[in-house]
Amino acid sequence: MISPGETMEERMQCSFSKATRTVQKWAAVLTVVASAGAANMSAGRADEANAKSLLKAMSDYLAAQKAISFDYDSNLELVSKQQQKIALASSGKVALNRPDKLHATRTGGFANIEMVFDGKALTLLGKNANLYAQIEAPGTIDQLVDLLRDKYHRPVPAADLLMSDPYKELMPEVNDAKDLGSGVIHGVECDHLAFRTKEVDWQIWIAQGARPYPCRYVITSKKVTGWPQYTLDIWAWKAGAEVAADGFKLEIPAGAKQLTTAQVPELNEIPALFSAKGGK
C-alpha cells in the first residue's frame, strides 16, 4: 500500500533498497561460512600432512639406526564375556642390530619370556614353564616379524616400529591422520599423533628433537567388543654406540623341555584363565 504523498516510483525504490540490503547481508554471511569452511578444510589438510610428515621423520630416523635398545612397559587389555576390561601389565627389554639380530624379553605376572634371533634361527624360552622352542628362520628382522605374526601368531613387541621401514608398515590402511600437539611421556616432550583405519585407531607420541623415537604407542581395536587396547611405553632409549654389546645367544636352562614348532603358541603371555577355554 502506498502511503499518502508517496509516489509509486519512491515505493519501488524503497523495496529495491531493502532487497539489495537483504542480498548483501546473506552474501556476507555465506562468505563468512564459506571462508570458515575453507579454513577448516585447509587446516585439516595441513594437520594431516603435518602428522604424516612427523611420522615419516620418525620412520626415517629408526630405519637409519643400525643398533637400538630400549626398555618398555606394556598394558594389554582383554574384555571378558561379562564385558569387564582386564589389563595385563608387563615389562621388558629389546635390543637389535640390523639387519638380522634381535633380543627381546617380556616379564609379567603370568609370563616370563625371552627370545633371541641370530639371523639363522629363533629361540624362544618360557622361563616360568621351563619350555623352549627353536625355529629355523634364516633372514632379516623384517622376515622374522612376518613369520612370527603370520605363522605362529606371536607378534614381537612394537613389531611395526622395528621394521626397516615403519612408515610403510603403519600407513597403508590409514584413512585419517591428526597432529594433536604435544604431550610429555616419561619426562620427554613429544609430538602426539592420532591415526585411524577401518579396524583400529592408533596413537603415537614421538620425542621432539634430533632423536624422534617413539615414546608411547597405543592401539585400540574397534572391531572387538569393548574396544580393548594395547599400550606400549618406551624408555631408556639408546642408539648407535650407546647400545651395549649383545651376543644374541640364549642359554637354555638344564631340564627345560623342548617344544616342536607347532607348539610354539603354548609359550603364550595370556594365561589360560583369561582365554575362552579358561571360561573368563
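This report describes the fold, strand pairing, cores, salt bridges and cysteines of a predicted model.

**Overall composition**

The protein has 280 residues, of which 38% count as buried. Its secondary structure consists of 4 helices and 12 strands. The exposed surface comes to about 15700 Å², and carbon and sulfur atoms supply 55% of that area. Among contacts with a separation of 6 or more, 49% are between residues 24 or more positions apart.

**Strand pairing**

Strand 5, residues 121–126, pairs with strand 6, residues 131–136, in the antiparallel sense, and 6 bridges join the two. Within this pairing, L125 stands opposite Y132 of strand 6. The hairpin of strand 5 and strand 6 has 4 residues between the strands, and N130 in this hairpin takes a positive phi near 55 degrees.

Strand 6 is also joined to strand 12, residues 257–258, by 2 bridges, and these two strands run parallel. Here L131 stands opposite K257 of strand 12.

A further strand contains a buried charged residue. R106 lies in strand 3, which covers residues 101–108. The relative accessible area of R106 is 8%, so R106 counts as buried. The C-alpha atoms of R106 and G92 are 4.4 Å apart in space, while the two residues are 14 residues apart in sequence.

**Nonpolar cores**

In soluble globular proteins, nonpolar side chains tend to be buried together. The largest nonpolar core of this model has 57 residues. The residues with the most contacts inside that core are L55, L161, F195, W202, I204 and W237.

What is I204 in contact with, leaving aside its neighbours within four places in sequence? The partners of I204 are L55, M58, L161, D191, H192, L193, F195, P214, R216 and Y217. Three of these names, L55, L161 and F195, also appear among the residues with the most contacts inside the largest core.

A second, separate core has 6 residues, and its members include V116, Y132, F248 and A256. Y132 of this second core is the residue of strand 6 that stands opposite L125.

**Salt bridges**

Side chains of opposite charge can pair when their charged atoms come close. The whole structure contains 14 salt bridges. Three of them are listed below with the N to O distance.

| Salt bridge | N to O distance |
|---|---|
| K52 and E48 | 3.1 Å |
| R149 and D150 | 3.8 Å |
| E242 and R211 | 2.9 Å |

K52 and E48 both lie in helix 1, residues 8–64, where they are 4 residues apart, about one turn of the helix. Both are partly exposed: K52 has a relative accessible area of 28%, and E48 has one of 30%.

R149 and D150 belong to a network of salt bridges that links D146, R149, D150 and D160. R149 is partly exposed at 32% relative accessible area, whereas D150 is exposed at 53%.

The pair of E242 and R211 links distant parts of the chain, with their positions 31 residues apart in sequence numbering. E242 sits in the loop between strand 11 (229–239) and strand 12, and R211 sits in the loop between strand 9 (200–207) and strand 10 (214–221). E242 is partly exposed, with a relative accessible area of 43%. R211 also counts as partly exposed, at 33% relative accessibility.

**Cysteines**

How many disulfides does the structure hold? The structure holds 0 disulfides. C190 is in no disulfide, and the cysteine sulfur nearest to it, that of C215, is 3.5 Å away. C215 is likewise in no disulfide, its nearest cysteine sulfur being that of C190. Why is this pair not counted? A disulfide requires sulfur atoms within 2.5 Å, and the sulfur atoms of C190 and C215 are 3.5 Å apart.

Are these two cysteines buried or exposed? C190 is buried, with a relative accessible area of 0%. C215 also counts as buried, at 2% relative accessibility.

Technical notes:
Residues numbered from 1 in each chain as written. Predicted model: local features only at pLDDT ≥ 70, side-chain atom pairs only at ≥ 80, totals over all residues. Heavy atoms only, no water. Buried < 20%, exposed > 50% of the residue type's maximum accessible area, 1.4 Å probe, protein only. Pairing = 2+ DSSP bridges. Contact = heavy atoms within 4.5 Å. Areas by Shrake-Rupley, 256 points an atom, 1.4 Å probe, with all protein chains shown as cover. Salt bridge = Lys/Arg side-chain N within 4 Å of Asp/Glu carboxyl O. Core = buried A, V, L, I, M, F, W, Y, C linked by side-chain atoms within 4.5 Å.
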